[in-house]
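Visitor: I have a model to look through, and I would like to know the reasoning behind each label. Could you take me through it?

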Amino acid sequence: MTTTTRRPVPATARRRTWPAIGTLGLASSGIVTLVATWWIAADVFDLSENGVLASPLAVLERLVTLTYDPLAGLTLPGHALASFERWGAGFAVAAALGLLLGFAFAWWPGFRSALLPAFEVLRYIPPFAWIPLAILWFGPGFTAQAFVVFIAVLPPCVLNAELGVRSVDDYVVKASRVLGASRMSTLVTTVVPASLPTALTGLRIGVGNGWMALMGAELIVGRSGLGYVILSGQQSNDPATVLAGMVAIGVLGALMDRGVRFMANPFIRWRKGVETGAA
Amino acid sequence: MTNVEWRRARRRRRVRATSVGAASTIALAGLWYLSTDGLGLVSPLFLPSPVAVFERLIEFTQRDYQGATLIGHLFASLRIVAIGWFVAGVIGLPLGVAMGWSRRVRTVVSPVFELIRPIPPIAWIPLAILWFGLGTEARVFVVTISAVVPWVLNSYEAVAGVDKLLAKASRSLGAPSRRTLVEVVLPAAVPTLVGGARIALGNAWMTVVAAELLGATAGLGFVALNARSTLDPDIMLVAMLLIGLLGVVFSEGLRLVEKRLSGWKESAA
Amino acid sequence: MTDRQAKLRFEGVHKSFHTRRGEVTALSPIDLTVYQGDFIALVGPSGCGKSTLLMIAAGLEAASGGTVLADGAPMREPGPDRCVVFQRFALFPTKTVTGNVEYGLRMTGVPKAERRERVRETLGMVGLSAFADAYPHELSGGMQQRAALARSIVMRPDVLLMDEPFGALDAQTRIIMQEEIARIARDLGLTVLLVTHSVEEAVYLCNRIIVLTARPGAIKHEFTVDDDWSHHSVDEAMAQPGFGSLQRTVWNAVREEITSVQ
Amino acid sequence: MTDRQAKLRFEGVHKSFHTRRGEVTALSPIDLTVYQGDFIALVGPSGCGKSTLLMIAAGLEAASGGTVLADGAPMREPGPDRCVVFQRFALFPTKTVTGNVEYGLRMTGVPKAERRERVRETLGMVGLSAFADAYPHELSGGMQQRAALARSIVMRPDVLLMDEPFGALDAQTRIIMQEEIARIARDLGLTVLLVTHSVEEAVYLCNRIIVLTARPGAIKHEFTVDDDWSHHSVDEAMAQPGFGSLQRTVWNAVREEITSVQ
Amino acid sequence: QEVGETGNTGSKVTIGLQPTATSFPIWLAEQKGYFQENGIEVELKYYPSGAAMSEAGLTGAWDGGNMGSPPALTSSQKWDMVVPGPNSEEGAIQILWGRTNDFKGKDPATVLGGGEVLVKVNSTQHYAFLGCMQKYGVAGETKPLPVEANAVAGAFTGGQGVGAMTWPPFDAEFVDNPEYVHVCDGKQAGKKIFNMLALTPAFANNRTEQAVAYVKSAYQANEFITANPDEAADLLVQYYKENGVTATKEAAQRELTGRTWPSAAEALALSKGELSSDLEDLTKVFVDLGAFDTEPDVTKAVDTGREILEQAVGESAS
Ligand SMILES: Nc1ncnc2c1ncn2[C@@H]1O[C@H](COP(=O)(O)OP(=O)(O)OP(=O)(O)O)[C@@H](O)[C@H]1O
Ligand SMILES: Nc1ncnc2c1ncn2[C@@H]1O[C@H](COP(=O)(O)OP(=O)(O)OP(=O)(O)O)[C@@H](O)[C@H]1O
Ligand SMILES: [Mg+2]
Ligand SMILES: [Mg+2]
């Protein structure tokens, strides 16, 4: 146990740094190629002249100007905030309701058989197809947009919560019963916590789904939000604004995904060790 | 309990589940009817009665609405979905498999993929118009964008999720890396791959409705959006429900394929 | 033996499962009495119904017929008087070791102060005091099994039911755990019903060994272990000629049943 | 011993892993020679590097330093001359038993007719002739392990590497498989390197037992088994005093290492 | 609760409008303080399209507003929206553009016949488009290629179609550009395209006084535009800027002069005169297109609000 390795220490150090740098180079090569292709297409082949594409620099510049120069009355952060509010409202309601429904589906089969047919048909209607009806019911405004988000977020929350409960080790449930817990307290104290990782995955899918649905809704309803930035770029025949909007949507979408993962951490601390290395 | 008795019991249990489902569905439809035609609580402009929707559906199968009958619109949407889904598969499947199999490919591709992935397919619409004009190509492009993500991710996970020990066993039996992939890893990955195809099809179907903003002259999404501008909620609901029902059909169909192809798995036994 | 108190009694207990392929009889009628202080092993070929019998005893599975009497009264519901230790540990992954061990006490309304004391004491007994706040995934297999054991014995069950409790451990850890459980059972005067595949384990730990026939399981033979081997360490015990000969006798009975199906 | 042919030779083979938490030395330099006809057991506490050493021998893992010589020549690539049998069987789930066993022959370009003949013969040897067309999931654990074994021995490897091949089997099936593998190894004159946790198994099957220290694994002691127990059945062997005493000696060496980490 | 009930009381009025020149007079009335003058206190709410306006009115999001005639006809038909009168006429700025190279020295009919023209279908553009095709005798031969209004210019410059229907400011690319040629417009095709003032039934019936004030203010703004075209153009540029659209003063001028902005009295005269027949022509076309299921009752859109318009005229006169 006290034996040390024969290898001299510097060798170890080199071994560890080189692969890291190699990996970094590989990882960035993809992105570099992408940006380079974009830049060449836009500036060298002059696609930006025809209004078909904007160069990466122009998009960057547009992103910067949008942060202080308002578009349709709002700056970029303003639009992002508007989108975020709608998304937040729809997401919060859908997540709360979805988790409850999912847990109930898994735990009370009768309840499940009663609601399943309706749920199954409705969940396959794309959020986008709900937009017209949502506008009719709630008027073309905040509520309709939040509703579309709700529609997009609900199914993955329900399905994953249900799946989470079902995939809890049967023996864990048995153990709880043997130790004197009732069915209800088994659900609350054991099953729900153990199902959280899967259930939270549902929320995470919901984050993305809701965000995407909202962008669709903003193309049709309202005159603020990041979706509207794109639309407005399209109206002014300005690819730079369109691309700036897309970049903002993508970056924020990715950040939100990370955010939810981060916030979910305390709930799944107990299996952190298992999580490392997951893609 | 004898065998016969037990079969009866099982049938009874199934019948009970089905009838609870049917009863609740009928109850929901009844509630819908009561609040519309029945008691007139809700204006038909907000929610048309089920009867009106059904009549409209029948009428739709025979008479043109916006230049085509139901079948015409249906096929218009289906065509775009089929092409987009297929193109996405041709791109996404090999890419995902390569990412799952080679660490190097994964390192190069995944940052790009992660960068583009969060952009909703719908947000590509303006660029799609600029790049492809208003024809089928633009719609196919948007549908492809939406379907390529699950194709890639599931192919990746399918390959990466195959027991590492299998690859080791194969190599220790003298198989070179590529043959290990073809002989051992891919066959074991098939169910997950089909699962990816299913999700991709779902995404494609969901997106086609939005893609029909792009110069479509037919399609169920086109119908729904047009019905909106003339305040015709009954035709809107017909289109929506059809879109939903077809989604169920696709999904369940591919799920059956998935089940059949995983015959060698324990769960299917 | 009859002067000892009967803790658990099976009277003509049998069980059939209805499966896609028809009816499977897992257990032929079983008559068996577990007395206070017994450490009984159930051995038999795979699939002969050992786990099924244990689950019936726990109240987690209903018998198709016959009666199970716990302390003389018919029982059906699972309850903390008959705790189960499973092969796959079945620890609550979201709770720390303390949370796991304390769970049954909380569910049966034991006040907090008493709970804390009993958990502390039990963790000491299984040698997990230092890991009171660890999560199951942070423990080795042997430690997980200790925690599962602690979770059950903290309830002071009338009968402790164990289904291949060491099946998931490596051979070395298993030996160490066998010695520990022998000590704890002796210290607490536990009544235990143990399902195992290892004849060696059965001979080492138990005073009675029930060999079941191949499916449908019926009691083929009951062996009484006259020497209490568990006072020795496993390897000491194995060095005794009496140990080896009993082990061979039981194994031959089991082997007969295994080969009868193959 | 030195007049026998050296099939596999480790010279100062050591291994470190670079993990998030820094460098983990799994194996201290190991010197070991495996001769033609050897049946060597590697035993030692969990995590001491047994599997790592085996993977290096198979060429599936690169050593951090030192040389591995196969038949006197340095080797790196995995190959069918050093087949591995894994604990979790690692059968190809999409192929039938025949497909699995035939796989290595196909990969090394053995013509179809010969392939068929060798598969038939090998399946007969492991008693799976009747299950040639079954899929792995349709087999019991013992049968799966037989198939995995057949898949390796059909290649007539110079050295058969086995990593806890019976770890996933129940105690009873394990005993039966131990007897079978002893017979097959004898019949074919196999050279085997076996990782196991069970000292009993090591004593029963092997002619040399290598005890490794706790991590980083180094060779603590090598025991030579003078009697060939594997000519007897397991229970017969265990009845012999010499068996028990060697088992205890080895076990004490292992136990020392286990307790040194706890 | 009645259809279109906003819950506003007293002098508070919510106005729905679209961020296009169509609604410019409403915005202008606010700027110029006409609403205040007439004793109402307004809040402006923007909607992206006529369809959205109509849906919003139905759900009680606004009291008064204005919209194109197709949604106005739908709304009056479906939920009894009250239409006091026409707010502007814009046939002349629904322009069919072509590529100069295509049309140079050729009969437009031969170029258009069998080709595709970019149009926002089922809209007033579509109506003007059909008028133009009739004019050249190629109705039925030339196919409309459906596009959202904002995408027409991009698609046409990108090479789609033989022609494109646009209106300002989306046609900035084409105006004074030698590569493109103004082939036809709604006015040349003899089509009149009206925008209408709109009131929810609840507002018109229960709060008539405020409704009259709103209508009166809107026409006051029209009179201002007619009287001060230059200042109005500056204000239109500002209006556009507030709505995220960049437009030059020239474009604004074109827009303002291309439209006619009737005063209240002129609107009343139209309403009593040719408005009905113009709208009937439009509805027939829309029924043929399949956009309207059955022919809407035009009188509902012309006569029901006239009383309010008359009151507005009366007040202006006094
Ligand atoms: N829920 C069930 N449905 C159908 N058959 C079952 C069920 N549970 C057990 N069986 C069958 O009953 C028989 C007895 O099963 P049991 O698990 O009690 O065996 P066992 O003796 O514990 O076996 P092992 O030693 O492999 O754990 C088996 O043939 C099994 O297939
Ligand atoms: N890929 C790896 N990355 C980092 N550490 C590893 C890796 N593989 C093994 N190790 C570490 O190396 C040590 C030796 O592992 P190895 O699997 O060889 O042990 P073992 O003796 O086979 O244990 P067991 O008896 O539990 O199978 C362990 O501490 C393990 O955690
Ligand atoms: Mg069992
Ligand atoms: Mg190992």
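Visitor: In which helix of chain D do Asp187(D) and Arg183(D) lie, and how many residues apart are they?

Guide: Happy to help, and please keep in mind that this is a predicted model. Asp187(D) and Arg183(D) both belong to helix H5 (residues 171-188) of chain D, with their positions 4 residues apart, about one turn of the helix.

Visitor: What makes Asp187(D) and Arg183(D) a salt bridge?

Guide: The cut-off is a side-chain nitrogen within 4 Å of a carboxyl oxygen. For Asp187(D) and Arg183(D) the closest N and O atoms are 3.8 Å apart, and the pair forms a salt bridge.

Visitor: Why is Asp187(D) called exposed, and what is Arg183(D) called?

Guide: Exposed means over 50% relative accessible area. Asp187(D) has 52%, so it is exposed. Arg183(D) has 30% relative accessibility, so it counts as partly exposed. While we are on this topic, salt bridges with shared partners join Arg179(B), Glu183(B), Lys95(D) and Arg106(D) into one network.

Visitor: How many salt bridges are there over all chains?

Guide: The count comes to 60 over all chains. One of them, by the 4 Å cut-off, pairs Arg208(C) with Asp38(C), whose closest N and O atoms are 2.5 Å apart.

Visitor: Why do you say that Arg208(C) and Asp38(C) tie together parts that are apart in sequence?

Guide: Arg208(C) is in strand E9 (residues 208-212) of chain C, while Asp38(C) is in the loop between strand E2 (22-35) and strand E3 (39-43) of chain C, so the pair ties together parts that are 170 residues apart in sequence.

Visitor: Are Arg208(C) and Asp38(C) buried or exposed?

Guide: The limit for buried is under 20% relative accessible area. Arg208(C) has 5%, so it is buried, and Asp38(C), at 0%, counts as buried too.

Visitor: Over in chain B, why is helix H9 called largely enclosed?

Guide: Of the 10 residues of H9 (residues 220-229) of chain B, 9 are buried, so the helix is largely enclosed by the rest of the structure. Among the buried ones are Leu220(B), Phe222(B), Val223(B) and Arg228(B). After H9(B) comes Leu231(B), with a positive phi near 50 degrees.

Visitor: What makes the ring pair of Trp137(A) and Phe147(A) edge-to-face?

Guide: By the rule for ring pairs, the count comes to 31 aromatic pairs over all chains. In the case of Trp137(A) and Phe147(A), the ring centres are 6.1 Å apart and the planes stand at 65 degrees, so the pair is edge-to-face. The cut-offs are centres within 6.5 Å and planes over 60 degrees apart.

Visitor: Which residues do ring pairs link with Trp137(A) and Phe147(A) into a cluster?

Guide: That cluster also holds Trp130(A), Phe138(A) and Phe150(A). As for cover, Phe147(A) has a relative accessible area of 15%, so it is buried. Trp137(A), at 31%, counts as partly exposed.

Visitor: Which residues form the negative surface patch in chain E, and how do you know that Asp288(E) is exposed?

Guide: The patch is formed by Glu280(E), Asp288(E), Glu295(E) and Asp297(E). Asp288(E) sits in helix H14 (residues 275-289) of chain E. With 69% relative accessibility against a limit of over 50%, Asp288(E) counts as exposed.

Conventions. Residues are numbered from 1 along each chain as its sequence is written. Chains are lettered from A and ligands numbered from 1 in the order in which they are written. This is a predicted model: local features need pLDDT of at least 70, side-chain atom pairs count only at pLDDT 80 or more; totals for chains, interfaces and linings use all residues. Side-chain values use heavy atoms; hydrogens and water are left out. Patches are made of residues with over 30% relative accessible area and no salt bridge: like charges are joined within 9 Å, nonpolar side chains (Val, Leu, Ile, Met, Phe, Trp, Tyr) within 5 Å. Accessible areas come from the Shrake-Rupley method with a 1.4 Å probe; for residues, only the protein chains shown count as cover. Lys and Arg count as positive and Asp and Glu as negative; His and the chain ends are not counted. The place of a charge is taken as NZ of Lys, CZ of Arg, CG of Asp or CD of Glu. Helices (H or I, at least four residues) and strands (E, at least two) are DSSP runs, numbered from the N terminus. Buried means under 20% relative accessible area, exposed over 50%, partly exposed in between (1.4 Å probe, protein chains only). Rings of Phe, Tyr and Trp (its six-membered ring) pair if their centres lie within 6.5 Å; planes under 30 degrees apart count as stacked, over 60 as edge-to-face and the rest as tilted.
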